[in-house]
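Hi,

Here is the structure I said I would pass on. Have a look at it first, and then read my notes below.

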Amino acid sequence: MQHNDYILTLSCPDRTGIVYRVSGLLFELGCNILDSQQYGDEETGRFFLRVHFDLPQAITQESLRERFAAMAEGHSMDWQIHDARYKPRLLIMVSKQGHCLNDLLFRVQSGQLHAEIAAIVSNHNDYAALAASYGIPFHHLPVTADTKARQEQQVLDLVASERIDLVVLARYMQILSADLCRALEGRAINIHHSFLPSFKGARPYHQAHARGVKIIGATAHYVTSDLDEGPIIEQDIERVDHGMTAQQLTQVGSDVESLVLSRAVRSHVEHRILLNRNKTVVFR
């Protein structure tokens, strides 16, 4: 019998019997649980669950959702059911630093990342040829203080017309307006170095080199109107030493940024992230 892959994610007030009821319903429907992860947060009193399961061909998505909705209502569950075979559609935004863009392009093309890059947006033309080499539409949308509102509306129009599931700021060096942040809430990820709030502005790795830092890191987080303060998804670090030049520090930083961003995007498209107030629960 053919089966379909689905992923259930939910959060709700913590209480006894949640896993029992969810697994019991899936059993009644003839589902086979492939993977299940859970977490109960004592501080917030919330319970989080991710279940990857096979659904028999004879059971429709509508029937699955109806049955689960009836159970979830009595437990105040925030829940979603995702088709695991579907490839989420990405819009990547980039400026003049292309290391994260290049990394994501390769991972998607090679099948390492279960997603589809639907379009690339940039306020510069530098990576038009790179996008063309992958056969991906490239949209040059320059922005100034006077044109910012119009340019951001063009971005939102693309999100709608291309049915974008996730916007990835792959070193896009423009601050998004509060309106755009709200419009993309929960579906936009940013990457930056982890020196913040130190070494703000241009050439942060050169600033770090001048101060003799010994650790370089990167942070990926959801975009909010609070600049660089959205819920953190992924972080990593690399040790550096006094013998490295500013250019070498920059290269190390670029590598860490690319890796951290790809991990964050993978966690999102595989539905492994659940919000827990201003934090995230990320199932591995």
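**Helix 3 and what surrounds it**

The buried residues of helix 3 are His99, Cys100, Leu101, Asp103, Leu104, Leu105, Arg107 and Val108. That makes 8 of its 11 residues, so the helix is mostly covered under the 20% cut-off for burial. The cover over those buried residues includes strand 5, strand 6, helix 4 (128-133), strand 8, strand 9 and helix 8. Just past the end of helix 3 sits Gly111, with a positive phi of about 85°.

Keep in mind that this is a predicted model.

**The chain as a whole**

Stepping back, the protein chain has 8 helices and 13 strands. Its radius of gyration is 21 Å, close to the 19 Å that the globule rule gives for 284 residues, so the chain is as compact as a globular protein of that length. Along the principal axes, the C-alpha atoms fill a box of roughly 60 × 40 × 35 Å. Buried residues account for 48% of the 284. If you take the contacts between residues at least 6 apart in sequence, 67% of them join residues at least 24 apart.

As for the surface, the chain exposes about 14,500 Å², and carbon and sulfur atoms supply 49% of that. On the charge side, there are 28 positive and 33 negative charges, and their mean positions are 3 Å apart.

**The cores**

The largest nonpolar core has 42 residues, and the ones with the most contacts inside it are Ile92, Ile117, Ile120, Ile189, Leu261 and Val265. Which elements feed this core with at least two residues each? They are strand 5 (89-94), helix 3 (99-109), strand 6 (116-122), strand 8 (166-169), strand 9 (188-193), helix 7 (204-211), strand 10 (215-222) and helix 8 (246-269). Helix 8 gives the largest share, 8 residues.

If you want one residue to click on, try Ile117: leaving aside residues up to four places away in sequence, Ile117 touches Leu90, Ile92, Leu104, Leu105, Val108 and Ile136. Leu104, Leu105 and Val108 also appear among the buried residues of helix 3. Apart from this core lies another one, of 21 residues, among them Tyr6, Val22, Cys31 and Ala72.

**A buried glutamine**

Gln151 is part of helix 5 (residues 148-161). Is this glutamine buried or exposed? With a relative accessible area of 3%, Gln151 is buried, since the cut-off is 20%. Not counting residues up to four places away in sequence, Gln151 touches Leu141, Pro142, Val143 and Tyr172. Its C-alpha atom is separated by 9.3 Å from that of Asn123, a residue 28 places away along the chain.

**Two positive phi values towards the end**

Most residues other than glycine have a negative phi. Two residues here go the other way. His271, in the loop between helix 8 and strand 12 (273-276), has a phi near 60°. Arg277, in the loop between strand 12 and strand 13 (279-282), has a positive phi of about 60°. Their surroundings are worth setting side by side: His271 counts as buried at 18% relative accessibility, whereas Arg277 is exposed, with a relative accessible area of 65%.

Cheers

How values were computed. Residues numbered from 1 in each chain as written. Predicted model: local features only at pLDDT ≥ 70, side-chain atom pairs only at ≥ 80, totals over all residues. Heavy atoms only, no water. Helix = DSSP H or I, 4+ residues; strand = E, 2+ residues; numbered from the N terminus. Rg over C-alpha atoms; globule rule 2.2 N^0.38 Å. Buried < 20%, exposed > 50% of the residue type's maximum accessible area, 1.4 Å probe, protein only. Contact = heavy atoms within 4.5 Å. Areas by Shrake-Rupley, 256 points an atom, 1.4 Å probe, with all protein chains shown as cover. Lys, Arg positive; Asp, Glu negative; His and termini not counted. Charge placed at Lys NZ, Arg CZ, Asp CG, Glu CD. Core = buried A, V, L, I, M, F, W, Y, C linked by side-chain atoms within 4.5 Å.
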